[in-house]
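These are my notebook entries on one protein structure. I set down what I looked up, entry by entry.

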Amino acid sequence: MGTGAQHKVAKHAASTTADPSTSASASTSGAGNQQSNQGSGYKQQLKRVLTVPDMIVYGLIFMVPIAPFGIYGGVFSESGGMPALVYLVGTLAMVFTALSYGMLIREWPVSGSVYAYTSRGLGKGIGFVSGWTLLLDYLLIPLLMYVVASTALSGLVPEVPPWVFSIVFVVANTFVNVRGIALTDIVNRVALVLELLVLAIFVVLGVRWLLTDPASHGFSLDPFYNPATFDPNLVMSAVSLGVLSFLGFDGIATLSEEAKDGRRGPSRAMMASLAIVGGLFVLQTYIAGCISPDGAVFAHNQGNAFYLVAQLVGGRWLYVVCAVATALSWGIFTALAAQTAVSRILFAMGRDGGLPHALAKVHPKYRTPYVASIFVGVLTLVLVLTFGQMGSDTISLFVNFGALTAFLLLHVTVIGYFFVKKRDGRWVAHLLVPLCGIAVIGYTWWSLDVPAKILGVTWMVIGIAYYLVLRYVLKREVHLGG
């Protein structure tokens with residue numbers, strides 16, 4: 001960080017590291033987006049290579065099509081045995097948020113996600129706090145991924161300490177992240193095929209068991225609605241846990257400066273990936289809920305609930321396959337997507353001067369924010385080794401505080417910028433939709449556990465104090481594009 005003049009000089013120096021062939025190789029859309037970035041005060045530094053299908057794959061991998069495998073026991077018990085309802089409500093909640101994201105991405109196709117939008121729509125101070133709050137989400141997501149993965153693998157190979165798996169995962173993901181977004185995309189595509197294959201096997205065997213096994217209760221609506229246990233407060237409490245599975249779709253927004261069509265591509269990819277993964281979440285939890293409607297199969301081992309359900313319908317081999325798939329998906333593929341996203345947020349905040357400018361350095365060959373990527377890898381390793389013993393459910397709630405708070409600010413930005421500041425009169429898109437998002441996300445936020453709220457508010461207070469010192473003591477400003 002430094003004065004405005006220093007900031008501009010540093011940013012100009014960073015821009016000269018860009019590959020001069022980029023503009024020649026970019027599509028017409030990409031060239032248009034470079035101009036859009038310049039209009040926002042930025043020169044194109046990151047490499048525009050991602051198509052809409054690429055970003056859909058990224059979103060699916062970040063959300064993990066088999067995400068309920070790892071937290072099914074908690075979602076089932078919290079909802080009173082209605083896991084499918086939890087994911088149905090979660091999908092609805094995220095639709096409104098995805099719509100608000102799309103409006104803001106088209107207005108400002110830059111990296112930084114909620115931080116970038118609130119900074120421009122509501123002001124630099126609120127923008128910094130929203131970015132800082134979002135970091136709580138993105139910095140803890142890799143920790144959560146590695147904890148879930150290590151738990152799954154340690155159950156299969158108890159001789160190996162969980163932290164050993166974590167170190168291997170962190171090092172591998174950091175290497176791929178620095179190497180380039182194109183390599184990340186290749187890894188994501190392979191991972192997606194494997195995850196969908198495992199899910200298809202479970203669905204087929206689960207349906208066959210429900211139709212043919214004498215112990216089966218058959219198909220029922222209980223996973224969606226059980227009048228004996230239904231309680232709106234319980235359901236929303238479960239949604240506050242299950243919403244973790246959807247958080248990856250907003251990671252697509254961090255790739256706006258690496259998308260060929262930075263204005264429309266990310267929003268289209270968001271809606272498509274959300275619709276696909278929401279359907280898959282509901283399908284798998286509905287089948288699992290029908291297989292063991294009372295949860296007796298995993299009554300004494302909630303942490304491995306889904307694997308035990310899989311074992312019932314397919315035998316020990318399916319238990320192992322599902323556990324290994326969860327470990328690889330969360331520990332490598334999703335954690336990779338998470339580290340990619342948080343490095344882009346740090347890149348954006350460093351570029352604007354809100355965080356050390358070194359985080360905005362771009363690799364001269366791979367065109368990636370390599371300093372931010374390495375920093376995320378090192379920090380994640382420290383968090384894993386320090387807090388890795390915490391349960392995944394506890395970490396999930398801490399993660400969700402950052403995400404849900406950022407989503408609330410996102411909806412407020414749509415109203416404040418489009419409906420109030422610009423007075424465009426589009427009351428459905430720019431007032432009704434974000435108000436619906438605020439209502440659903442706000443109810444989910446209110447359902448978070450008290451410890452999660454305390455940690456989240458404490459984190460926000462630290463961020464506010466840091467910004468006040470930065471702005472009024474050190475006399476440094478956040479520069480949106482210089």
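The entries below go from the whole chain to single residues, and then to the spaces inside.

**Entry 1: the whole protein**

I noted at the outset that this is a predicted model. I counted the secondary structure elements and found 18 helices and 0 strands. I then looked up burial: of the 482 residues in the protein, 58% are buried. I also looked at contacts between residues at least 6 apart in sequence, and 82% of these join residues at least 24 apart.

**Entry 2: the nonpolar core**

I asked how many residues the largest nonpolar core has, and the number is 146. The residues with the most contacts inside this core are M94, Y101, Y117, F202, W330 and F407. Helix α8 gives the core its largest share, 19 residues. I chose M94 and Y117 from that list for a further look.

**Entry 3: M94**

I located M94 in helix α6, which covers residues 83–107. Is M94 buried or exposed? Its relative accessibility is 0%, so M94 counts as buried. I listed its contacts, leaving aside neighbours within four places in sequence, and recorded V243, F246, F249, L274, F407 and I441. For one of these partners, V243, I looked up the separation from M94: the two are 149 residues apart in sequence, yet their C-alpha atoms are 8.5 Å apart in space.

**Entry 4: Y117 and helix α7**

I turned to helix α7, residues 114–121, and found that 8 of its 8 residues are buried. Y117 is one of the buried residues there, and T118, S119 and R120 are also among them. With neighbours within four places left aside, Y117 is in contact with Y101, L104, I105, W108, V110, A253, S256, L410 and T413. After α7 comes G123, and I noted that its phi is positive, near 120°.

**Entry 5: two other residues with positive phi**

I looked up V64, which is not a glycine but has a positive phi near 70°. V64 sits in the loop between α4 and α5. Its relative accessible area is 1%, and therefore V64 is buried.

I did the same for R423, also not a glycine, and its positive phi is about 50°. R423 belongs to the loop between α16 and α17. Is R423 buried or exposed? R423 is exposed, because its relative accessible area is 69% and the cut-off for exposed is over 50%.

**Entry 6: H430**

I found H430 in helix α17, residues 427–446. Its relative accessibility is 3%, so H430 counts as buried. I asked which side chain is joined to that of H430 by a polar contact of 2.4 Å, and it is the side chain of D424. Not counting residues up to four places away in sequence, H430 touches M103, V414, I415, F418, F419 and D424.

**Entry 7: T174**

I placed T174 in helix α9, residues 162–179. At 13% relative accessibility T174 counts as buried, because the cut-off for buried is under 20%. The side chain of T174 reaches the backbone oxygen of V170 at 2.8 Å. Beyond its neighbours within four places, T174 is in contact with Q339, S373, I374 and G377.

**Entry 8: the largest pocket**

I looked up the largest pocket, which holds about 270 Å³ of space. It is lined by 13 residues, and those closest to its centre are L136, L140, L383, F387 and W459. Helices α8, α15, α16 and α18 each give two or more residues to this lining. The largest share, 5 residues, comes from α8. I sorted the lining by class and recorded 13 nonpolar, no polar and no charged residues.

**Entry 9: the cavities**

I counted 2 cavities of 30 Å³ or more. The largest cavity has a volume of about 90 Å³. Which residues lie nearest the centre of the largest cavity? They are F62, M145, L244, S245 and T334, out of a lining of 13 residues. Helices α4, α8 and α14 each supply at least two residues of this lining. By class, I recorded 10 nonpolar, 3 polar and no charged residues around the largest cavity.

Definitions and conventions: Residues are numbered from 1 along each chain as its sequence is written. This is a predicted model: local features need pLDDT of at least 70, side-chain atom pairs count only at pLDDT 80 or more; totals for chains, interfaces and linings use all residues. Side-chain values use heavy atoms; hydrogens and water are left out. Helices (H or I, at least four residues) and strands (E, at least two) are DSSP runs, numbered from the N terminus. Buried means under 20% relative accessible area, exposed over 50%, partly exposed in between (1.4 Å probe, protein chains only). A polar contact is a pair of N or O atoms within 3.5 Å; within protein, one must be able to donate a hydrogen and the other to accept it, and residues adjacent in sequence count only if both atoms are side-chain atoms. Contact means heavy atoms within 4.5 Å. On a 1 Å grid over the protein atoms alone, a cavity is a set of points where a 1.4 Å probe fits but cannot get out, and a pocket is an open set with protein on both sides within 12 Å along at least five of seven lines; lining residues have an atom within 4 Å of a point. Grid points are joined across faces, edges and corners, and a volume is the space filled by probe spheres set on the points. Ala, Val, Leu, Ile, Met, Phe, Trp, Tyr, Cys and Pro count as nonpolar, Asp, Glu, Lys and Arg as charged, and the others, Gly among them, as polar. A nonpolar core is a set of buried Ala, Val, Leu, Ile, Met, Phe, Trp, Tyr and Cys residues joined through side-chain atoms within 4.5 Å.
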